[in-house]
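Dear colleague,

Here is the structure I said I would pass on. My notes on its strands follow below.

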Amino acid sequence: MKPLDPRLLRHARATRTYLVLSVALGVALAALVVAQATLLADGITAVYLHGADVHRIAPTLAWLAAVVALRAAVAWAQEVVAARSSAAVKHQLRSRLLAHVAALGPGAAGDSGKVATLATRGLDALDAYFARYLPQLVLAALVPVIVLARIAPVDLVAAGTVALTLPLIPVFMALVGLHTESANRRQFRLLARLSHHFLDVVAGLPTLRVFGRARRQAGIIARISAEQRTVTMRTLRVAFLSSLVLELLATLSVALVAVGIGLRLVDGGLGLATALLVLILAPEAYLPLRQVGANYHASAEGLAAATEVFRMLDTPVPPRGAAPAPSGVIRFEGVTVRHDGRAEASLPPLTAEIRPGELVALTGPSGCGKSTALAVLLGLTAPTTGRVTVGGHDLAGVSPDAWCRRVAWLPQRPWLSAGTIADNIRLGAPGATDTAVRRAAEQAGALDFIDALPAGLATELGDDGAGLSAGQRQRVALARVFLRDAPLVLLDEPTANLDADTEAGILAAIRAHAAGRTVVMTAHRATLVALADRTILVGAVPDLVTAAVAAAAEAAA
Ligand SMILES: Nc1ncnc2c1ncn2[C@@H]1O[C@H](COP(=O)(O)OP(=O)(O)OP(=O)(O)O)[C@@H](O)[C@H]1O
């Protein structure tokens, strides 16, 4: 990545304001550096050459104190601006990343561990880039020019020496940068892999323990950690060595200038005031460049993370419509879905019609594509071929947000968030009253067990609804659907985890809720199938066609 990636300016507008302020403060600081050196040289010369007493140099000393105080104030302002800008840029990039990941949809954004690492620790590493690297980069571009402009008129030889040796530092830095960039990218990839694997192992720990595989996973995590440690140490080694060489280069360059000045001073070819001015200013010309080199490594992790964020932001979002959500007959017109890397279609060609107000059951053997058909209808999965129309409008042209507002969904594995049971039921209707929440819980057959809990609806759940049984989770999620009051209701096996008695109550509640709404549910159980006005067989028709074609081919042979 370049020292200042143009994509940073494009994706995080706060960077522009920061750069403008940084340049303004940089110019002020460079001018103060020159003023301080001039005042120091004048003061020392006045005392040593002309024997000036304190009274005569008092104005110079007062100016010097003012310049030093101003330098401190500008340095403080630089820190404040850098910290605020860093926070603003991280906020903007994070918001964009999360919005883009949401727009890409599940699966398309890559694994969740990587996204989590990027959005948290990855972007946090940009602090070093904004607080330390960028301000020095701006100073490195300004200070040498202003210092040279001050030295050149009074001592052309010293100005020439500085001008010739200064470029050696960026050239050397570029060489180090080439070497470290790939190491940093590798380090970040390993960190992302480690987080992803760690999240997976923690989530599956009970299963891994029961099957005696927990230790093996610990071994894998240890191996990835060791790999990451090696790469980090390699990056640090390069960082320390390159700082050493940069310091050496800068010190030798200043020494070269100093030796030239010393010789000319002895010769009498140079005045003391000029010699002092150049001696004080020369190290200042190299300082920002040295700092850029030293801070490059601290900021490289943030830059590697930012590059990953930009790569993700540049992934095109599949075209989605903006039209308002229509209502009317839903038609699956030869819809198929084939997931990447799978030979078999996840949803074989499906042609079906669902009329408004119908309660329809999608049936078929396990794995035939019923949930996939619901995902297509929800807009979570794009059809590979064919299309879904609603009231004659292609769903692909409809705004996903507008469409989701018309839909309530009970997934096969309902997701509950950490929070109270009432919060979870209110997910799709945040403004619902307590009475409405209770009524929805009652409809879903959840009120009995909720009231038996010490805090009732205010009971706090753990992550992903920890603290409830599978059947209880399902009923809380169903209450959420009932409360949402959407015209289209999609239910994925709504009674899968329930006993016969509870199921009977839920079936009656679904029937009652279906009045005036369109309900599409996937169903294995005969009771659920019997509840529907009509069933749609998923996957079976193409199988029959294939079998018929195969039989015809066999007969012909
Ligand atoms: N994200 C995915 N990537 C790859 N293949 C997938 C993905 N999701 C589902 N599949 C495959 O698509 C096929 C249909 O899955 P789907 O969940 O739609 O079946 P289903 O009919 O709902 O099954 P069940 O009745 O068991 O719930 C399965 O073979 C599954 O392996």
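In what order do the 5 strands of the open sheet stand, and is the pairing parallel or antiparallel? Please keep in mind that this is a predicted model. The order is E6-E9-E10-E3-E11, and the strands pair in parallel. The edges are taken by strand E6 (407-410) and strand E11 (534-537); each has a single partner strand, so one side of each is left without a neighbour in the sheet. On average, and with direction ignored, neighbouring strands here are turned by 20° against each other.

At the E6 edge, the partner is strand E9 (residues 488-492), and 4 bridges link the two in the parallel sense. Within this pair, Trp-409 is placed opposite Leu-490 of E9. Helix H16 (residues 470-484) packs on the sheet and touches both E6 and E9. The direction of H16 makes about 170° with that of E6.

There is also antiparallel pairing to report, and it involves strand E1. Strand E1 (residues 330-337) runs antiparallel to strand E2 (residues 347-354), with 5 bridges joining them. In this pair Val-337 faces Leu-347 of E2 across the pairing, standing opposite that residue. E1 also pairs with strand E4 (residues 385-390), again in the antiparallel sense and over 5 bridges. Here Glu-333 stands opposite Arg-387 in E4.

As a general reminder for reading these pairings, strands of a sheet pair through backbone hydrogen bonds, either parallel or antiparallel.

Regards

Note on methods. Residues are numbered from 1 along each chain as its sequence is written. This is a predicted model: local features need pLDDT of at least 70, side-chain atom pairs count only at pLDDT 80 or more; totals for chains, interfaces and linings use all residues. Two strands pair if DSSP finds at least two bridges between them. Axes are lines fitted to C-alpha atoms, for helices over the stretch in contact, and angles run from 0 to 180 degrees between N-to-C directions. Two residues are in contact if their C-beta atoms, placed from the backbone, lie within 7 Å.
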